[in-house]
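Dear colleague,

I am passing on a structure that you have not worked with before, and my notes on it follow below. Please keep it open while you read.

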Amino acid sequence: MFLQKLELQGFKSFANKTVLDFPGGIAAVVGPNGSGKSNIADAIRWLLGEREARNLRGGKNDDLIFAGTEKKARMGMATASLYFDNSSGFFPTEFKEVVISRRIDRDGDSKFFLNQSEMRMKDIVDFFAKAKLGARGLNMIGQGESDLILKSTPLERRELIEELLGLKEYLLKKNAASRELKNTFFNLEKARAQLAEIEPHLRSLRRQVSRWTKRDSLAEELRNIENSYYSGRVRKITESLRAFDPEIEKLDKEIDRLKNEEKALEQEFKKIEVSEPKAKKELEALRNKRRELFNKRLVSSAVPAERSKASIPAENDFKSLLKEIRELAEAALSSGLEEDPKSVLKKIVSLIEDMENAAEAQPEVQVVDGKLEEFNRLMDELDEEEKKYQIELDSFNKVFRESLRQVEAKKDEIEELDDKKQQLIFQKDKALFQKSELENQLRSISRKFEDFVGVAADMRMDERTAETRMMRLRAELSSMGDVDEAIVKEAEATEERHEFLSNQIVDLEKASADLKTLLKDLDFKIRNEFNVALKKINDELQSFVKLMFGGGRAELKLEKIRETTKDVLEAAGTLGEVVLNQEEAEEIRPGIEIDVVLPKKKIKGLEVLSGGERSLLSIAILFALISISPPPFLVLDEVDAALDERNARRFGELLKNYAKETQFVIVTHNRATMEAADVLYGVTMGDDGVSRVVSLKLS
Ligand code: ATP
C-alpha cells in the first residue's frame with residue numbers, strides 16, 4: 001500500500017470535507033455521470049503539481065474552488081491532501097508518512113506543503129519527478145487520454161519511454177555535455193585563432209628582445225668588470241688618501257718641535273753673539289797697521305844695523321814715522337780697546353811724544369837710541385797683549401761658530417722635514433687629482449665614486465685587460481642601441497598571453513576529449529538501455545495483444561531515418577565530432593512508430609482501428625510500457641469506457657495481475673472492472689450540487 005488517503009475540502013464539487021481511504025490493490029470510483037468522480041482524479045493531478053487549470057478541466061484557477069449552488073454557498077478556498085505510506089523509503093526522505101497538501105484561495109494565493117511545511121511548487125514537482133511521478137506521467141491517465149499514446153507523435157512516444165526508463169536525466173546530461181562541447185569547440189577555435197594572430201607579432205618581439213637579452217648579459221659582464229675594476233681603484237685611492245693626513249700631521253708636529261728647538265738655539269746664539277769682544281775689529285786693524293808700520297820702518301830705515309834689532313830711520317823719516325805711530329796709537333786709544341792694550345798704547349804714545357820732543361831739542365839721532373829700544377820693548381809687550389787677546393778671541397770664535405753650526409743644523413733638519421711634508425702634500429694632491437679624474441670617469445658611465453667605497457674587489461684580470469674589455473663592451477652595447485622598455489613590456493605581456501592561450505588550448509582540448517568520452521558513454525548508455533527496454537516492451541506488448549485481441553501483432557519500432565541523417569546522428573552521437581544543438585539533435589532522433597496487425601484483418605495501421613480497438617491497443621501499450629518500470633500507483637479515468645464486457649473482463653484481469661506491484665485508482669462505469677476492484681467508492685451528488693463519497697469495501 002502506497003497511496004493512503006485523499007482529503008478534499010472546497011475542491012470543485014467536493015464542498016465538504018471528504019476523505020477517500022485507499023486500502024491498496026484496486027480502488028474503483030463509481031457513480032452517475034456528473035457526480036464528481038473525475039474531480040477526484042483532478043484533485044490527485046492537482047496535488048502532483050499540475051499548473052494548468054486547463055488540464056484540470058477548468059478555465060481558470062478559481063474553477064478549482066467550490067463555486068456554490070442554489071443550496072450551498074460558494075467557498076473561498078480549496079484544499080486537498082494526499083497521504084503516502086513511505087515506510088518502504090520510496091521517497092528519499094526520513095518521513096514514514098509523506099503528506100502533500102495544496103491550497104488555493106480566490107485571491108489567487110496558492111500554497112504547497114510537504115508534511116505541513118510550506119514548499120515551492122518547483123521543489124514539489126522535483127520531489128515527485130525524482131520518484132518518476134508527475135501530473136502528466138504514466139501514473140495519471142485522465143478521461144479521454146486512454147489513447148494518448150496512439151495520438152502522440154513518434155518523438156513524444158520516444159520521450160515517454162525515455163522518461164519511464166529514467167533516461168531523461170542522462171539525456172539532459174548529454175544535451176548539457178553537447179552544449180558544453182560546442183562551447184568548448186567554439187572557445188578552442190577562438191583561442192587557436194587568437195594564438196595564430198599573435199604568433200607573428202610575438203616572433204618579431206622575441207627577435208627584438210633576444211637582442212636585448214644578449215645586451216643584458218653584456219651589460220652584466222660590463223657591470224661586473226666595472227665593479228671589480230673601479231672598486232679596486234677606489235680602494236687604492238681611498239687608502240692612500242687616508243694615509244697622507246696622519247703622516248703630514250706627524251711631520252707638522254715634528255717640525256713644530258724642531259722649530260722650538262731652533263728658537264732656543266737662536267736665542268743662545270744671540271747671547272753668544274753679543275758676548276763677542278768689542279774691539280776685535282779695531283784691534284785687527286791696529287795690528288795690521290802696526291805690521292804695515294814696521295815693514296815700512298824696516299824698508300826705509302837709515303839707522304845702521306848694529307844699533308838695534310830695529311833699524312833707526314833717517315831724521316825726517318824718523319820724525320814722520322813717529323808721527324805716524326802716534327796717530328795710530330791715538331786712533332787705537334780713541335777706539336773702545338780693552339784696558340790692558342790701552343795702557344800699553346798710552347805708554348807708546350807718551351814715549352813717542354818724548355822721542356818727538358827729544359828730536360826737536362837735539363836734532364841728533366842719539367834719542368833717541370834709548371827711546372827706540374824702549375819703543376821696541378813696548379811693541380813686544382803689545383804683541384804679547386795681542387796674543388792673549390787673540391787666544392780669548394779664538395775661544396769666543398769657537399763657541400760662536402759652534403752655536404752658529406747648531407742653529408744651521410737645526411734649520412737643515414727643519415728643511416729636510418719640510419721637504420718631506422711638501423713631498424707628501426704633492427703626493428696627496430696627486431691622489432686627489434686622481435680621485436677627481438676617477439670621479440669624472442665614473443660620472444661619464446653614470447656611476448658614483450661612493451658606490452664603490454668599501455666594496456670588495458674580486459678582480460680576475462689585470463687592470464689593462466679590464467680596461468680593454470670594458471672599452472669593447474661599451475662599444476658593443478652602444479652599437480646595439482637602448483632597450484625599448486615598451487617593447488620589452490609588450491613582449492612580456494604577449495608571452496603571457498601566448499602562454500595563457502596555449503594552456504587554454506591544452507585545457508580545452510582535454511575538456512573536449514573528456515566531453516567526447518562522456519558523450520560517447522552517455523550515448524551508449526541511453527541507446528543501450530533504450531534498445532533493451534524497447535525489446536522488453538515489445539515482448540510484453542506482444543503477449544498483451546495476444547491476450548486482448550486473441551491474436552495479431554503489435555510492435556513499437558524506431559522510425560526509419562534517412563541514411564544521411566543516420567550518418568549525422570552517428571557522427572553526433574558516437575564520434576562526437578559534429579556537435580549539434582538540441583533542436584538539431586532532436587530532429588534526427590528517431591521516434592517510435594506503432595506497427596499493428598490485428599487478427600483476421602488485412603489492413604494495417606492505427607487509423608483504421610475502431611474505438612474499442614484503439615482502447616484495447618492503448619491499454620496493451622500502457623501496460624507493456626509500465627511493465628518495464630511499474631509505477632507505485634496509477635490513476636485511470638474511464639480508460640475502459642469503450643470496451644465491451646468481454647474485453648472489460650480481460651482488462652480487469654490485467655489490472656489484477658498488476659495490482660501486486662501497482663496500486664490502482666480507477667474511475668469506471670464498467671461492471672467487470674468494478675468486479676476486479678478491492679474497494680469501491682460510490683460518488684453521488686445531491687440536489688445541493690455537492691459531491692459525496694460512500695465507501696463500499698468489497699474484500
Ligand atoms: P462522468 O461520469 O459524466 O464523467 P463525473 O462523475 O466524472 O461524470 P465530474 O466531471 O467529476 O463528473 O463532475 C462534474 C461535476 O462537478 C459537474 O456537475 C460540475 O458542475 C461540478 N463542478 C465542477 N467544478 C465545480 C466547482 N468549482 N464548483 C461546484 N461544482 C463543480
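Before the strands are described, one term is needed: two strands are said to pair if DSSP finds at least two bridges between them. Please bear in mind throughout that this is a predicted model.

With that term in hand, strand β1 (residues 3-9) can be placed between its partners. Strand β2 (residues 18-21) runs antiparallel to β1 and is joined to it by four bridges, and within this pairing Leu 8 has Thr 18 as its bridge partner in β2. Strand β1 also pairs with strand β4 (residues 77-85), again in the antiparallel sense, over six bridges, and here the bridge partner of Lys 5 in β4 is Tyr 83.

There is also an open sheet of six strands, in which the order is β8-β11-β12-β3-β13-β14 and the pairing is mixed. Its edges are formed by β8 (140-141) and β14 (691-697), each of which pairs on one side only. Strand β13 (residues 679-685) pairs with β14 in the antiparallel sense over seven bridges, with Met 685 standing opposite Ser 691 of β14. Helix α15 (residues 645-658) packs on this sheet, where it touches β3 (26-30), β11 (633-637) and β12, and the direction of the helix makes about 150° with that of β12.

Turning to the interior, the largest nonpolar core has 57 residues, of which Leu 556, Leu 617, Phe 623 and Leu 636 touch the most other members. The element that gives the most to this core is helix α14 (residues 611-628), with eleven residues. A second, separate core holds 44 residues, including Leu 8, Ile 40, Ile 44 and Val 665. As for Leu 636, and leaving aside neighbours within four places in sequence, its contacts are Ile 141, Leu 622, Phe 651, Leu 655, Phe 664, Val 665, Ile 666 and Val 667.

Two polar residues deserve a closer look. Asn 670 sits in the loop between β12 (663-667) and α16 (671-676), and this residue counts as buried because its relative accessible area is 12%, which is under the 20% limit. Beyond its neighbours within four places in sequence, Asn 670 is in contact with Asp 640, Leu 643 and Ala 648, and its side chain reaches the backbone oxygen of Asp 640 at 3.3 Å. The C-alpha atom of Asn 670 is separated by 9.2 Å from that of Arg 649, a residue 21 positions away along the chain.

The other is Lys 410, which is found in helix α9 (residues 369-444). Is Lys 410 buried or exposed? Lys 410 is buried, because its relative accessibility is 13%, again under 20%. Not counting residues up to four places away in sequence, Lys 410 touches Leu 258, Glu 261, Glu 262 and Leu 265.

Finally, the model contains a ligand, surrounded by 18 residues, of which the closest are Asn 33, Gly 34, Lys 37, Arg 57 and Ala 67. Oxygen atoms of the ligand also lie 3.0 Å from a polar backbone atom of Gly 36 and 2.9 Å from a backbone N or O atom of Asn 39. From the side chain of His 669, an N or O atom lies 3.0 Å from an oxygen atom of the ligand.

With best wishes

Conventions: Residues are numbered from 1 along each chain as its sequence is written. This is a predicted model: local features need pLDDT of at least 70, side-chain atom pairs count only at pLDDT 80 or more; totals for chains, interfaces and linings use all residues. Side-chain values use heavy atoms; hydrogens and water are left out. A nonpolar core is a set of buried Ala, Val, Leu, Ile, Met, Phe, Trp, Tyr and Cys residues joined through side-chain atoms within 4.5 Å. Buried means under 20% relative accessible area, exposed over 50%, partly exposed in between (1.4 Å probe, protein chains only). Helices (H or I, at least four residues) and strands (E, at least two) are DSSP runs, numbered from the N terminus. Contact means heavy atoms within 4.5 Å. A polar contact is a pair of N or O atoms within 3.5 Å; within protein, one must be able to donate a hydrogen and the other to accept it, and residues adjacent in sequence count only if both atoms are side-chain atoms. Axes are lines fitted to C-alpha atoms, for helices over the stretch in contact, and angles run from 0 to 180 degrees between N-to-C directions. A residue is near a molecule or strand if one of its heavy atoms lies within 4 Å of it.
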